[in-house]
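User: I should like to learn how to read the interior of a protein model. Could you take me through one feature at a time?

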Amino acid sequence: MREKLAIPEAEWPRAIGELCNLNHIEEAAVLSTCNRMEIYVVALSQHRGVKEVTEWMSKTSGIPVSELCQHRFLLYNNDATQHLFEVSAGLDSLVLGEAQIQAQVKQVVKIGQGVVGFGRNISGLFKHAITVGKRVRNETKIGSGAVSVSSAAVELALLKLPESTHATARMLVVGAGKMSKLVVKHLVAKGCTKMVIVNRSEEKVATMREELKDVEIIYKPLEEMLTCAANADVVFTSTSSETPLFFKEDVKDFPSVSSEVGSVRLFFDISVPRNVDQGVMDLDTARVYNVDDLKEVVAANKDDRLRKAMEAQSIITEESKQFEAWRDSLETVPTIKKLRAYAERIRAAELEKCLSKMGEDISKKTRRAVDDLSRGIVNKLLHGPMQHLRCDGSDSRTLSETLENMHALNRMFSLDTEIAVLEQKLRAKVEQNQK
């Protein structure tokens, strides 16, 4: 199911656009990785927003809505904020503290810049999540000893191989992208000095060879992939191929691996969609491990994971409150604008009356002085109310007090901000969808 729902990075802007074309969705973001598919939205209606997004996911993936509803998880408001912060900090990863997810959260912001629909709320949420991830890693050292998905694959491989063969097992890496490069680096860190890399072109492999000069890296073209796999004890695969590269019919004819490495060929598939067809699992001569199997590595570090996670949670709770304060303060912006506009209309009307009484022969200097006087009076009168509508967490005023002030001003000056803004948004959505 996760493979059907996966959205490549290049398609994220299109997905955001389609989501924001839905009747009740204002802003959106997509976080699609090898281990998760998450959609974040700002909705005009919670119930209708969930319904529209679910139907959109069904349409794009081909998975029936009824089936999606059995597997989806829904988080709202503060819970959604907390979740993304945990994701960015690596607390929700299969491997605690892995840094790769934070880079993927950054990529959401990078790709979202300039995309209509990646708006102020969603952008602010993801940017704050990046800050939280950095702070958690710096203050708890949660990344020390923790690993990325690629590193976990290497650790799991070494757990499955006899220790005496760690330095001599024949290693094959299919693909030369970021994940594959991390696999290579972690293999080298564990003592591997020779490996074969299969890729469409040699350019990226040559770059790795230049960085790791003490390691024998042999390049082979994609056409020789099956031959190379037949001569390998362990196969790591991480490519962007949308169809499997290894099928049962291919692997069953491979020569047996030696008893020294356990008589079983190991496949570590860290790609989404999968590079190794599920049928390969039926063979007695092969074992296939994918992202879900990395839980075994996580379990090995359970005590350390729990201790650092508790430290990180206190930071995340604190940062969540700060973000919610910022988000709630945005609710007062329409009131501030309407109050200023209300005051400006009165000022302009009274100024016009005053100037007309003074006659047309007044000098420009006098006219400017009267105008400046009226603006100064209005600004000084508005200063107090405006201060009580701002809430950035730097003073003793609580969020509830700020929102109470907003509602009071709405009532006193008949601003009707919330209703007016909601009506404007809904009307704009209807007009947009009629074009």
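Analyst: The following turns go from the whole chain to its cores, its cavities and two individual residues. Please keep in mind that this is a predicted model.

User: Let us begin with the whole chain. How many helices and strands does the chain have, and what percentage of its residues count as buried?

Analyst: There are 18 helices and eight strands in the chain. Of its 435 residues, 46% count as buried. The exposed surface of the chain comes to about 23300 Å², with carbon and sulfur atoms supplying 51% of it. Among contacts with a separation of 6 or more, 67% join residues 24 or more positions apart.

User: How should I read a nonpolar core, and which residues of the largest one touch the most other members?

Analyst: The general idea is that nonpolar side chains tend to be buried together in soluble globular proteins. In this structure, the largest nonpolar core holds 46 residues, and those touching the most other members are Tyr40, Leu84, Leu91, Phe118, Phe126 and Val136. At least two residues of this core come from each of helices H2 (12–20), H3 (46–61), H5 (77–89), H6 (100–112), H7 and H14 (302–329), and likewise from each of strands S1 (25–32) and S2 (37–43). The most is given by H7, with seven residues. A second, separate core has 39 residues, including Cys34, Ala152, Val173 and Tyr219.

User: Phe126 is in that list. Is Phe126 buried or exposed, and which residues beyond its sequence neighbours are in contact with it?

Analyst: Phe126 belongs to helix H7, which covers residues 120–140. Phe126 counts as buried because its relative accessible area is 0%, and the cut-off is under 20%. Beyond four places in sequence, its contacts are Ala29, Tyr40, Leu84, Val105, Val108 and Val109. Distance in sequence and distance in space can also be set side by side: Thr81 is 45 residues from Phe126 in sequence, and their C-alpha atoms are 9.2 Å apart.

User: With which residues is Leu91 in contact, leaving aside its neighbours within four places?

Analyst: For Leu91, these contacts are Glu86, Leu96, Ile142, Ala309, Ala312, Gln313 and Ile316.

User: Now to empty space. How many cavities of 30 Å³ or more are found, and what lines the largest cavity?

Analyst: A cavity can be read through its volume, its lining and the classes of the lining residues. The search of the whole structure finds two cavities of 30 Å³ or more. The largest holds about 100 Å³ of space. Its lining consists of Thr33, Cys34, Asn35, Arg36, Ser93, Leu94, Glu98, Gln100, Ile101, Gln104, Val149 and Val291. By class, five of these are nonpolar, five polar and two charged. H6 gives the most to this lining, with three residues.

User: What is the lining of the second largest cavity by class?

Analyst: The second largest cavity, of about 30 Å³, has six nonpolar, one polar and no charged residues in its lining. The residues concerned are Trp12, Ile16, Val30, Val108, Ile111, Gly112 and Phe118. H2 and H6 are the elements that give two or more residues, and H6 gives the most, with three.

User: Finally, why does Ser374 count as buried?

Analyst: Ser374 counts as buried because its relative accessible area of 14% falls under the 20% cut-off. Ser374 is located in helix H16, residues 364–387. Leaving aside neighbours within four places in sequence, Ser374 is in contact with Arg347 and Leu351.

Terms used: Residues numbered from 1 in each chain as written. Predicted model: local features only at pLDDT ≥ 70, side-chain atom pairs only at ≥ 80, totals over all residues. Heavy atoms only, no water. Helix = DSSP H or I, 4+ residues; strand = E, 2+ residues; numbered from the N terminus. Buried < 20%, exposed > 50% of the residue type's maximum accessible area, 1.4 Å probe, protein only. Contact = heavy atoms within 4.5 Å. Core = buried A, V, L, I, M, F, W, Y, C linked by side-chain atoms within 4.5 Å. Areas by Shrake-Rupley, 256 points an atom, 1.4 Å probe, with all protein chains shown as cover. 1 Å grid on protein atoms, 1.4 Å probe; cavity = no way out; pocket = protein on both sides within 12 Å on 5 of 7 lines; lining within 4 Å. Points joined across faces, edges and corners; volume = space filled by probe spheres on them. Nonpolar A, V, L, I, M, F, W, Y, C, P; charged D, E, K, R; others polar.
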